[in-house]
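I opened the notebook to look up charged side chains and cysteines. The entries follow in the order I took them.

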Amino acid sequence: MTMRHLFGPILSRRLGRSLGINLVPRKTCNYSCVYCQLGATGKTTGEIREHVPLEEVKEDLELFFSKPHPETDILTLIGDGEPLLFSPLGELVDFIKERYSLPTALITNGSLLALEERRRASKRVDLLLPTLDTVVEETWRKINRPWEGLSLEAYLEGLLLHRREMEGRMWAEVMVVAGVNDNDRELELLAAYLDRLRPDRIFLNLPVRPPAESWVKSPGEGFAERIRRWIPGIEGLGDEGEGKMDPSLYDTWQGWVRAVALSHPVTVDLLAASSRISPEEALERVKEMERQGEVLLILHAGKTFVRGV
């Protein structure tokens with residue numbers, strides 16, 4: 001089964017068996033986050049348009065559900081960049097709700113929720129997962145490196161408005177980088193804003209996959225306990241909780257690896273476990289793919305990751 005804009009299902013600790021729907025080409029984003037697992041954004045953009053053909057996305061979904069397929073719990077709207085840059089997002093959500101009984105999730109940096117039209121487009125999503133790393137202008141520009149047309153004040157106000165308007169749930173995600181947004185002043189201000197936002201859940205994320213900038217590190221031991229003093233309900237993940245993926249959805253093993261690695265870096269151990277081969281064989285296969293220029297191998301935190309190129 002060849003899928004142009006779908007990947008997975010991937011077993012996610014938070015979402016269950018998640019089928020990803022990729023709505024923008026690689027690194028099409030209005031942020032260039034220092035911790036981005038896809039690598040640096042060459043040039044940020046604020047262009048909202050049909051970055052991939054909506055009809056192709058619909059066709060991929062129809063193909064996936066028309067044939068025997070792995071159990072799926074949720075359809076996750078995501079991108080190799082920022083999915084709110086996909087102009088027909090609302091039309092796609094309506095299509096999914098008309099055709100399929102599965103809930104939808106939208107993983108977004110949330111900055112475009114400052115725009116009323118983008119709030120309308122995502123209003124019917126069942127679960128919104130916005131990124132909220134800081135409420136301090138200087139820190140926002142250092143860690144998220146936004147497109148020049150964005151405003152932190154407008155984003156924070158837009159997120160509050162959307163929380164009141166939206167029909168589904170909101171799970172806020174906070175990525176913390178050592179020496180940038182892990183101090184008590186940052187946490188105090190963030191906690192005050194979260195008290196106003198009142199998301200259903202709050203997740204602490206750490207840069208456990210290879211980041212865009214080599215200096216990015218996780219806070220030291222004991223940070224999870226310290227942040228809970230400011231944000232008692234925050235849920236610390238510790239790691240990304242990788243789950244097995246099904247290579248049978250793709251025509252070749254290499255095609256499967258390319259698709260997964262373009263979406264997020266994946267460990268060689270996970271590729272081996274998912275395809276029921278030894279880690280040694282998986283490593284030899286991806287080394288050959290690297291020689292062919294199809295992927296990049298990165299050693300990070302004692303693990304070998306495969307990143308798409």
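**Entry 1: a pair in helix α10**

Is Glu-288 buried, partly exposed or exposed? I looked it up in this predicted model. Glu-288 is partly exposed, with a relative accessible area of 34%. I then checked Arg-291, and Arg-291 comes out as exposed, at 57%. The two form a salt bridge, with 2.9 Å between the closest N and O atoms. Both sit in helix α10, which runs over residues 279–291. They are three residues apart there, so about one helical turn separates them. I also noted a network built from salt bridges that share partners. Its members are Arg-4, Glu-56, Glu-59 and Asp-60.

**Entry 2: a pair in helix α3**

Next I looked up Glu-116 and Arg-120. They form a salt bridge, and their closest N and O atoms are 3.6 Å apart. The helix here is α3, residues 116–121. The spacing is four residues, which means about one helical turn between Glu-116 and Arg-120. I wrote down the accessibilities as well. Glu-116 is exposed, with a relative accessible area of 52%. Arg-120 also counts as exposed, at 54%.

**Entry 3: a pair between two helices**

Which residue does Asp-184 form a salt bridge with? I found Arg-226, with the closest N and O atoms 2.8 Å apart. Asp-184 belongs to helix α6 (residues 184–197) and Arg-226 to helix α7 (residues 223–230), so this salt bridge ties together parts 42 residues apart in sequence. Asp-184 is partly exposed, its relative accessible area being 35%. Arg-226 is partly exposed too, at 22%. I closed the entry with the total: 24 salt bridges.

**Entry 4: Arg-307**

I wanted an arginine without such a partner. Arg-307 lies in strand β11, which covers residues 303–308. It is buried, yet has no salt bridge. How far away is the nearest side chain of opposite charge? That side chain is Glu-213, and I read 9.9 Å. The cut-off for a salt bridge is 4 Å, so a distance of 9.9 Å does not qualify.

I then asked what the side chain of Arg-307 does reach. The backbone oxygen of Pro-210 is at 2.9 Å from it. The backbone oxygen of Gln-37 lies 3.2 Å from a polar atom of the same side chain. I listed contacts as well, leaving aside neighbours within four places in sequence. Among them are Arg-26, Cys-36, Leu-38 and Gly-39. Pro-211, Ala-261, Pro-265 and Val-295 are also in contact with Arg-307. I added Leu-296 and Ile-298 to the list.

**Entry 5: cysteines**

Cys-36 turned up among the contacts of Arg-307, so I moved on to sulfurs. How many disulfides does a search of the whole structure find? The search finds zero. Cys-29 is in no disulfide, and the nearest cysteine sulfur, that of Cys-33, is 6.4 Å away. Cys-29 is buried, with a relative accessible area of 10%.

Why is Cys-36 not bonded to Cys-33? The sulfur of Cys-33 is the closest cysteine sulfur to that of Cys-36, but at 6.4 Å it is too far for a bond. The cut-off I needed for this step is 2.5 Å between sulfur atoms. Cys-36 is buried as well, with a relative accessible area of 16%.

How values were computed
Residues are numbered from 1 along each chain as its sequence is written. This is a predicted model: local features need pLDDT of at least 70, side-chain atom pairs count only at pLDDT 80 or more; totals for chains, interfaces and linings use all residues. Side-chain values use heavy atoms; hydrogens and water are left out. Buried means under 20% relative accessible area, exposed over 50%, partly exposed in between (1.4 Å probe, protein chains only). Lys and Arg count as positive and Asp and Glu as negative; His and the chain ends are not counted. A polar contact is a pair of N or O atoms within 3.5 Å; within protein, one must be able to donate a hydrogen and the other to accept it, and residues adjacent in sequence count only if both atoms are side-chain atoms. Contact means heavy atoms within 4.5 Å.
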